[in-house]
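Me: I would like to learn how to read ligand surroundings, a metal site and cysteines in a structure file. Could we go through them one at a time?

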Amino acid sequence: MKLSTDLTLSKFLNTETLAAYYELTKPGITLTVLASMLIGFILGSGNGIDYMLMLHAALGTWLIASGTAAHNQFMEWRYDGKMKRTQKRPVPASKISPRQSVFFSLGLIIGGLIYLILVVNYVAGLVSLLTTLIYLGIYTPMKRISVANVFIGAIPGALPPVGGWAAATGHLGSTAMWVLFAIVFLWQVPHVMAIAWVCKDDYSTAGFKMLPKDDPKGYKAVALILPCLFLLLPVCYGLYWVDMNSWLYLAGSLLSSLVFLYYGIIFTRDRDKPSAKKLMFASFGYLPAVWAFVIIDLLLL
Ligand code: HEM
Ligand SMILES: CC(C)=CCC/C(C)=C/CC/C(C)=C/COP(=O)(O)OP(=O)(O)O
């Protein structure tokens, strides 16, 4: 009995298995989610940041966000196995079994939720629970039903700054918090549409509906992307308007939004994979840039 426990433990602890579990948590997306939560926490804190509380909020959010991302990979492993982009993920590549991925992901979700409720506050816990439920319960199945999934997926995507705000303040009533929500919500539409164009064939082979129907020339995709890119300009102005940040943030975020818009316009003109790829990379840079301007502005001015 002892020997078999030791063998299971040593198998679990070998570096390849640990790397596979880490990959199951979608580290890139999860880290950006964590950064968005921290921005909500810092702005929600006003002048006095409680660093200990911030650390607890980060740990709880990291646990539940990782678990949520891992559970999405469990739910989609058969479809992921059909796409070039995702077929090397741990479950389709048989590095982790579906059963192991369920235990691991549910453990992280439940652990993170309890941690947030007990150590941070129940509002932050409830926001995270709502995030997980919308992402796994509505968005994930909807990806195979309708392109409207982008507007549903954008809700859990944009809730982490709200969770951060709730963690710092214990409540949800603030214009600045909804401005943060709007920035991430609007950013996701070009982010997702650009990726959907780049991975067009892959997504349709796996049966995902990520692009508008009957849109071979990409006009419908452009109609979704451009309004969001234009709206990011006044929405970014919102944080300056509510006095959360000053001119340095304003200049940096408007410049970032203009660069993002520029790549949106290039895509509007060309509507092909190379221009979609450029827009996709611009989307990867946009949020980190805006968050960096929020922080630099707070530190310097
Ligand atoms: C409906 C919403 C979203 C969809 C469908 C989506 C989809 C994707 C996909 C498919 C990729 C991989 C692109 C590639 O293979 O090159 C990606 C990359 C990325 N996404 Fe998103 N995403 C969404 C929302 C978000 C949110 C809310 C965040 C974080 C706040 C985020 C952060 C990132 C980051 C950092 C990357 C690049 C690194 C990586 O691939 O892990 N995404 N996204
Ligand atoms: C605090 C907390 C619970 C945070 C969780 C937030 C979270 C996981 C947001 C994900 C946003 C999103 C829609 C990603 C794309 O997933 P996808 O399934 O389209 O990506 P894929 O095709 O690469 O699997």
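## Reading the ligand sites and cysteines

Reply: Let us begin with ligand 2, bearing in mind that this is a predicted model. An N or O atom in the side chain of Arg89 is 2.8 Å from an oxygen atom of ligand 2.

Me: Which other polar side-chain atoms lie at such a site, next to an oxygen atom of ligand 2?

Reply: The general idea is to look for pairs of N or O atoms within 3.5 Å. Here a polar side-chain atom of Lys26 lies 2.8 Å from an oxygen atom of ligand 2, and one of Tyr139 lies 2.6 Å from an oxygen atom of this ligand. On its own, ligand 2 has 630 Å² of accessible area, of which the protein covers 90%. Two or more residues of its shell come from each of α4 (51–75) and α7 (122–142).

Me: How many residues surround ligand 2, and how do they divide by class?

Reply: Ligand 2 is surrounded by 17 residues, and the closest are Lys26, Arg85, Arg89, Tyr139 and Lys143. By class, the shell divides into 5 nonpolar, 7 polar and 5 charged residues.

Me: What should I look for around ligand 1, and which residues are the closest?

Reply: One reads the shell in the same manner, by residue, by class and by element. Ligand 1 is surrounded by 17 residues, with Thr32, Arg85, Tyr139, Gln188 and His191 the closest, and its shell has 10 nonpolar, 6 polar and 1 charged residues. The elements α3 (27–45), α8 (149–169), α9 and α13 (273–300) each supply at least two residues of that shell, the largest share being the 5 residues from α9.

Me: Which protein atom is a donor of the iron atom of ligand 1?

Reply: For a metal such as this, donors are N, O and S atoms within 2.8 Å. His191 is the only protein donor of the iron atom, through NE2 at 2.2 Å, and this residue is found in helix α9 (residues 175–198). A polar side-chain atom of His191 also lies 3.0 Å from a nitrogen atom of ligand 1.

Me: Finally, how many disulfides does the structure hold, and why is Cys236 not in a bond?

Reply: The test is whether two cysteine sulfur atoms lie within 2.5 Å. The structure holds 0 disulfides. Cys199 is in none, as the nearest cysteine sulfur, that of Cys228, is 19 Å away. For Cys236, the closest cysteine sulfur is that of Cys228, and because the distance is 13 Å, it is too far for a bond.

Me: Are these two cysteines, Cys199 and Cys236, buried or exposed?

Reply: Cys199 counts as buried, at 12% relative accessibility, and Cys236 is buried with a relative accessible area of 0%.

Key: Residues numbered from 1 in each chain as written. Chains lettered and ligands numbered in written order. Predicted model: local features only at pLDDT ≥ 70, side-chain atom pairs only at ≥ 80, totals over all residues. Heavy atoms only, no water. Near = heavy atom within 4 Å. Polar contact = N/O pair within 3.5 Å; in protein donor to acceptor, adjacent residues only side chain to side chain. Areas by Shrake-Rupley, 256 points an atom, 1.4 Å probe, with all protein chains shown as cover. Helix = DSSP H or I, 4+ residues; strand = E, 2+ residues; numbered from the N terminus. Nonpolar A, V, L, I, M, F, W, Y, C, P; charged D, E, K, R; others polar. Donors = N, O, S within 2.8 Å, 3.2 Å for Na, K, Ca; no water. Buried < 20%, exposed > 50% of the residue type's maximum accessible area, 1.4 Å probe, protein only.
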